Amino acid sequence: MIPGALSDIVRKPWVRTLALAATVLATVFLMWQNEEGDSVRGDAAELRGPSEPDSFIIEGRYTTWDEHGNLKMSISSPRIEQFEDTNYATMNAPRARIFSEQATPPWIIEADEGSLRQDDDQVTLTGNVVVLRQTGDSEATLKTDSLTMDNRQGTVYTDQPVTITEPFGVTQANGMKAWINERILELNSRVEGQYETIR
């Protein structure tokens with residue numbers, strides 16, 4: 001039972017109208033806040049992406065140096081997603097520069113996608129992989145579907161078909177391995193070439 005003075009106030013129509021208006025305003029405010037929160041959460045989910053990484057970097061760069069402080073490798077990507085449980089990262093449209101111990105131009109490598117296993121310092125590139133290698137005045141291009149870069153060993157390799165285009169001809173093979181510092185390229189099998197004679 002409501003005490004007398006409070007009962008008299010509650011019975012007045014303007015008090016009931018004011019209480020009803022306050023309740024409606026509070027409900028509208030809470031609904032608006034909830035919708036805004038959903039919008040913010042939706043924007044964050046869209047930015048995070050469907051794979052739901054632990055963290056991600058926009059316009060990221062991964063760089064390594066040797067024990068003497070010389071640059072070994074630099075990879076840039078518009079988006080890098082990191083997964084902490086597996087110590088694994090994925091990259092969109094990665095572009096790598098790999099440096100040798102000699103003062104020679106770096107190898108430039110581009111691909112559609114890439115992944116980095118930080119435990120063993122290996123980068124795997126997939127989809128339209130293109131390697132550009134400058135040697136003196138000539139330029140060689142290697143194309144393949146998949147390529148692994150072993151940063152600790154200073155090697156790049158694949159078991160996929162490769163096509164190497166140089167100024168004097170085209171070479172095709174199944175698989176290859178290259179040693180960056182030694183600037184040696186070894187083709188695995190089914191090697192075929194078309195070469196132009198120099199006049």
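Trainee: Which element gives the most to the lining of the largest pocket?
Mentor: Strand β2 does, with 3 residues. This is a predicted model, in which local features need pLDDT of at least 70, side-chain atom pairs count only at pLDDT 80 or more, and totals for chains, interfaces and linings use all residues. Residues are numbered from 1 along each chain as its sequence is written, and side-chain values use heavy atoms, with hydrogens and water left out.

Trainee: What makes β2 a strand?
Mentor: Strands are DSSP runs of E with at least two residues, helices are runs of H or I with at least four, and both are numbered from the N terminus. β2 covers residues 71–83, so that run meets the rule for a strand. The protein has 2 helices and 11 strands, and along the sequence the order is α-α-β-β-β-β-β-β-β-β-β-β-β.

Trainee: What makes the space beside β2 a pocket and not a cavity?
Mentor: On a 1 Å grid over the protein atoms alone, a pocket is an open set of points with protein on both sides within 12 Å along at least five of seven lines, whereas in a cavity a 1.4 Å probe fits but cannot get out. Lining residues have an atom within 4 Å of a point. The largest pocket has 21 of these, and Asp66, Lys72, Phe99, Glu101 and Asn181 lie nearest its centre. Besides β2, the elements that give two or more residues to the lining are β8 and β9. The space in the pocket is about 340 Å³, where a volume is what is filled by probe spheres set on grid points joined across faces, edges and corners.

Trainee: How many cavities of 30 Å³ or more are there?
Mentor: The count is 1. The largest cavity holds about 110 Å³ and is lined by 14 residues, with Trp107, Val131, Arg133, Leu142 and Leu185 nearest its centre. Two or more lining residues come from each of β5 (107–110), β7 (122–135), β8 (138–150), β9 (155–166) and β10 (169–179). β8 has the largest share, 4 residues.

Trainee: How do you know which class a lining residue belongs to?
Mentor: Ala, Val, Leu, Ile, Met, Phe, Trp, Tyr, Cys and Pro count as nonpolar, Asp, Glu, Lys and Arg as charged, and the others, Gly among them, as polar. By this list the cavity lining has 11 nonpolar, 1 polar and 2 charged residues. The pocket lining has 7 nonpolar, 8 polar and 6 charged.

Trainee: Why is Glu59 called exposed?
Mentor: Exposed means over 50% relative accessible area, buried under 20%, and partly exposed in between, with a 1.4 Å probe and protein chains only. Glu59 is at 63%, so it counts as exposed. Glu59 sits in strand β1 (residues 55–65), and its phi is near 55 degrees, a positive value in a residue other than glycine. Asn128 in strand β7 has a phi near 50 degrees, also positive. At 54%, Asn128 is exposed too. Of the 199 residues of the protein, 30% count as buried.

Trainee: Why is the pair Arg95 and Glu110 called a salt bridge?
Mentor: The rule asks for a side-chain nitrogen of Lys or Arg within 4 Å of a carboxyl oxygen of Asp or Glu. For Arg95 and Glu110 the N to O distance is 2.7 Å, so the pair qualifies. Arg95 is in strand β4 and Glu110 in strand β5, 15 residues apart. Arg95 is partly exposed, because its value is 38%. Glu110, at 36%, is partly exposed as well.

Trainee: What is the N and O distance between Arg79 and Glu81?
Mentor: The closest N and O atoms of Arg79 and Glu81 are 2.9 Å apart, and the two form a salt bridge. The structure holds 2 salt bridges. Arg79 and Glu81 are both buried.

Trainee: What makes a set of residues a nonpolar core?
Mentor: The members must be buried Ala, Val, Leu, Ile, Met, Phe, Trp, Tyr or Cys, joined through side-chain atoms within 4.5 Å. The largest core has 25 residues, of which Ile98, Ile109, Val123, Met149 and Val156 touch the most other members. β7 gives the most to this core, with 4 residues.

Trainee: Which residues does Val156 touch?
Mentor: A contact means heavy atoms within 4.5 Å. Leaving out residues up to four places away in sequence, Val156 touches Ile98, Trp107, Leu147, Thr148, Met149, Met176, Lys177, Ala178 and Ile180.
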